[in-house]
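Student: I would be grateful for a close look at the metal site of this structure. Please describe the site itself and then work outward to its surroundings.

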Amino acid sequence: MTAPDATCSRCSRTRSGEPDPLALLSWVSTKEDGRERWLCPNCVRDHVRDIEAKLPDEYW
Ligand SMILES: [Zn+2]
């Protein structure tokens, strides 16, 4: 299930504006405090680096 107006919580790109279908699949949704958050592929890459650097695996 995807929200039609999913927006990257970091850079504010909209998922519906993603031109590349493969990139679309790379968007990641996470739940935080019961709210759905989205990260675009670029921000996921940065985010993962952050997590590997300082957070334990169970953060995901
Ligand atoms: Zn982003």
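Tutor: In this predicted model, the zinc ion takes its protein donors from four cysteine sulfur atoms, the SG atoms of Cys-8, Cys-11, Cys-40 and Cys-43, which lie 2.2 to 2.3 Å from the ion. The 4 donor atoms make angles of 105 to 116° with one another at the zinc ion, and the site is tetrahedral. For comparison, the ideal angle for four tetrahedral donors at a metal is 109.5 degrees. Along the chain, the donors of the zinc ion follow the spacing C-x2-C-x28-C-x2-C. Cys-8 lies in the segment before α1 (21–26), whereas Cys-43 belongs to helix α2, so this pair ties together parts that are 35 residues apart in sequence.

The burial of these two donors can be stated as well. Cys-8 counts as buried because its relative accessibility is 2%, under the cut-off of 20%. Cys-43 is likewise buried, with a relative accessible area of 9%.

The site may next be placed within the fold. The chain has 2 helices and 2 strands, and their order along the sequence is α-β-β-α. Of the 60 residues in the chain, 23% are buried. The chain exposes about 4,600 Å², and carbon and sulfur atoms supply 50% of that area. Among contacts between residues at least 6 apart in sequence, 35% join residues at least 24 apart.

Three of the zinc donors are also part of the largest nonpolar core: this core of 8 residues comprises Cys-8, Cys-40 and Cys-43 together with Ala-6, Trp-27, Trp-38, Leu-39 and Val-44. The elements that contribute two or more residues to this core are β2 (35–39) and α2 (41–54). Ala-6, one of the core residues, has contacts beyond its sequence neighbours within four places: it touches Trp-27 and Trp-38, and also Arg-13, Thr-14, Arg-15 and Ser-16.

The segment that carries Cys-8 merits further attention. Ser-12 also lies in the segment before α1, and its phi is near 70°, a positive value in a residue other than glycine. Most residues other than glycine have a negative phi. With a relative accessibility of 53%, Ser-12 counts as exposed. Arg-13, one of the residues in contact with Ala-6, forms a salt bridge with Glu-18 in which the closest N and O atoms are 2.6 Å apart. The two partners fall into separate exposure classes: Arg-13 is partly exposed, with a relative accessible area of 30%, while Glu-18, at 11%, counts as buried.

From here the description can pass to the strands. Strand β1 covers residues 28–32 and includes Ser-29, a partly exposed residue with a relative accessible area of 36%. Leaving aside neighbours within four places in sequence, Ser-29 is in contact with Glu-36, Arg-37 and Trp-38, and Trp-38 is in turn a member of the nonpolar core described above. Ser-29 and Thr-7 are 22 residues apart in sequence, and their C-alpha atoms are 9.9 Å apart in space.

A salt bridge joins Glu-32 to Arg-37, with 2.7 Å between the closest N and O atoms. Both ends are partly exposed, Glu-32 at 32% relative accessibility and Arg-37 at 30%. Asp-33 is found in the loop between β1 and β2; its phi, near 55°, is positive although the residue is not glycine. Asp-33 counts as exposed, because its relative accessibility is 80%.

Helix α2, which holds the donor Cys-43, also contains a salt bridge between the side chains of Asp-46 and Arg-49, at 3.8 Å from N to O. These two residues are 3 apart in helix α2, which means that about one helical turn separates them. Asp-46 is partly exposed at 35% relative accessibility, whereas Arg-49, at 54%, counts as exposed. The structure holds 3 salt bridges.

To return to the site itself: the tetrahedral zinc ion site has Cys-8, Cys-11, Cys-40 and Cys-43 as its protein donors, and its pair Cys-8 and Cys-43 links the segment before α1 with helix α2.

Note on methods. Residues numbered from 1 in each chain as written. Heavy atoms only, no water. Helix = DSSP H or I, 4+ residues; strand = E, 2+ residues; numbered from the N terminus. Buried < 20%, exposed > 50% of the residue type's maximum accessible area, 1.4 Å probe, protein only. Contact = heavy atoms within 4.5 Å. Areas by Shrake-Rupley, 256 points an atom, 1.4 Å probe, with all protein chains shown as cover. Core = buried A, V, L, I, M, F, W, Y, C linked by side-chain atoms within 4.5 Å. Donors = N, O, S within 2.8 Å, 3.2 Å for Na, K, Ca; no water. Tetrahedral: all angles 85-135°; square planar, octahedral: opposite > 155°, others 65-115°. Salt bridge = Lys/Arg side-chain N within 4 Å of Asp/Glu carboxyl O.
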